[in-house]
Number of protein chains: 2
Amino acid sequence: MGNTRHLMHSCLFFTANALSRRITHLADEAFRPTGLSPSLAFLLMAVVDRPGNCLKDLGQDLQLAPSTITRFADALAARSLVVRRQEGKVVSLAATDAGQALMPAVQAAWKDLYDRYSAALGREAGDDLTRRVDQANQQLEE
Amino acid sequence: MGNTRHLMHSCLFFTANALSRRITHLADEAFRPTGLSPSLAFLLMAVVDRPGNCLKDLGQDLQLAPSTITRFADALAARSLVVRRQEGKVVSLAATDAGQALMPAVQAAWKDLYDRYSAALGREAGDDLTRRVDQANQQLEE
DNA sequence: AGGTATTATTTGTATGTGCAAGCAACAAAC
DNA sequence: GTTTGTTGCTTGCACATACAAATAATACCT
């Protein structure tokens, strides 16, 4: 009795989810000035980065399910930051002028996020952790 | 143009969330035989581990917000796996017989989850990643 | 004791995200 | 060229989770 609590911290499900919540909290603060949630900001960045990408490609870039991309695209379109363009069954997004205009703030927020977690973890250690987590992601890909 | 996609993988917010989604998927499968979501199973384990703990303490153990614990407690109580016991303003949970009876299956599922991700990451590497993530969590705690 | 601050819990509401099912467009085979 | 399968997207529903506000119980100060 009393050791399960300790064992949880040796479980990747437990620790990875806790980290996700913590860093999401940090990201929410960092991106607040943009008026976008971090996830929406990431989609906008992906759109600007590769104009003409279809939703499926964006989903692969962001590692999100198709339905999630649909909804995020809805949200960005509702704010007039992107426009949907349908070609046959394929939908692509393009940033509007307003979307483009938001990019500097988004980039600044992204940098701010980096600075925040780097301050807590140390830059080196944070970068290293990020690499390891990314590698684990690839290994868990099925 | 075209390098943002690459930069995302150097962002802890991005990689940590992707890892959380992947491992949650694995955990959903592993815990399916118990009839509980992994989160509920973890709460049940915490309750069995430390009977008489109040909701606040359970929240700290699981690193979850109080409102989340309330709802998880509702869900376990609705399945008659725990009972609520109110003492003044404090609420504690105790596992019912049905809750106790589920524990072996929960433990087995937990082990199964560990085996699954260890198979993909390597046991050593997985354990090490888990330690690092846990450490990062502590460093990000405010 | 009475009023005020503190604490634990709950409730309302919102976001992120997924799965499964549906639909729409295209491709391949006959 | 119609059927059949495949692919991309959307929709309905569900769950995990949080914040802020409401509630309730307790503690503290005088």
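This report describes a predicted model of two protein chains, A and B, with two DNA strands, C and D.

## The fold of chain A

Chain A, taken by itself, is built from seven helices and two strands, and when the elements are read from the N terminus onward their order is α-α-α-α-α-β-β-α-α. Along its principal axes, the C-alpha atoms of the chain fill a box of roughly 60 × 35 × 25 Å. Of the 142 residues in chain A, 42% count as buried. Among the contacts of this chain with a separation of 6 or more, 46% are accounted for by residues 24 or more positions apart in the sequence.

## Helix H5 of chain A

One helix of chain A can be followed in some detail. H5(A) has 13 residues, and the span from its first C-alpha to its last is 18 Å, which is close to the 18 Å expected at 1.5 Å a residue. Which residues of this helix are buried? They are A:Ile69, A:Phe72, A:Ala73 and A:Leu76, and because they cover an arc of only 105° around the axis, they lie on the same side of H5(A). The other side of the helix carries A:Ser67, A:Asp74 and A:Ala78, which are exposed. The cover over the buried residues of H5(A) includes H3, H4, strand E1 (82–87) and E2 of chain A. After the helix comes A:Ser80, a residue whose phi is positive, near 60°.

## How the two chains meet

The contact between the chains involves 43 residues of chain B and 43 residues of chain A. On the side of chain B that touches chain A, the elements giving two or more residues are helix H1 (4–8), H2, H3, helix H6 (97–121) and helix H7 (123–140) of chain B, and the largest share, 13 residues, comes from H2(B). Sorted by class, this side of chain B has 23 nonpolar, 13 polar and seven charged residues.

Two residues of H2(B) allow a closer look at this contact. B:Leu12 has its place in helix H2 of chain B, and it counts as buried because it has 27 C-beta neighbours inside 10 Å, where 20 or more are required. Once its neighbours within four places in sequence are left aside, B:Leu12 is in contact with A:Ile23, A:Tyr117, A:Gly126, A:Leu129 and A:Thr130. B:Ala18 also has its place in helix H2 of chain B, and B:Ala18 is buried, with 24 other C-beta atoms within 10 Å. With its neighbours within four places in sequence set aside in the same way, B:Ala18 is in contact with A:Gln63 and A:Asn137.

How are the two chains related in space? Chain B is superposed on chain A by a rotation of 180° with 0.0 Å of shift along its axis, and the RMSD is 0.0 Å, so the relation is that of a two-fold axis. The same surface serves both copies, since 100% of the contact residues of chain B recur in chain A.

## The surfaces near the DNA

Both chains contribute residues to the surroundings of each DNA strand, and the table sets out the two surfaces by the class of their residues.

| Surface | Nonpolar | Polar | Charged |
|---|---|---|---|
| near DNA strand C | nine residues | nine residues | six residues |
| near DNA strand D | nine residues | nine residues | five residues |

Around DNA strand D there are 23 residues, of which A:Lys56, A:Ser67, B:Ser37, B:Ser39 and B:Gly88 come nearest. The elements that give two or more residues to this surface are helix H2 (12–31), helix H4 (55–62), helix H5 (66–78) and strand E2 (90–95) of chain A, together with helix H3 (38–49) and helix H5 (66–78) of chain B. The largest share of the surface near DNA strand D, four residues, comes from H5(A). A:Ser67, listed above among the residues that come nearest to this strand, is the residue already met on the exposed side of H5(A).

Around DNA strand C there are 24 residues, and those that come nearest are A:Ser37, A:Ser39, A:Gly88, B:Lys56 and B:Ser67. Here the elements that give two or more residues are helix H3 (38–49) and H5 of chain A, together with helix H2 (12–31), helix H4 (55–62), H5 and strand E2 (90–95) of chain B. Which element gives the most to the surface near DNA strand C? That element is H5(B), with four residues.

Terms used: Residues numbered from 1 in each chain as written. Chains lettered and ligands numbered in written order. Predicted model: local features only at pLDDT ≥ 70, side-chain atom pairs only at ≥ 80, totals over all residues. Near = placed C-beta within 6 Å. Nonpolar A, V, L, I, M, F, W, Y, C, P; charged D, E, K, R; others polar. Contact = placed C-beta atoms within 7 Å. Expected span 1.5 Å × (residues − 1). Buried ≥ 20, exposed ≤ 12 C-beta atoms within 10 Å, placed from the backbone. Arc of directions from axis to C-beta. Least-squares fit on C-alpha atoms with pLDDT ≥ 70 in both.
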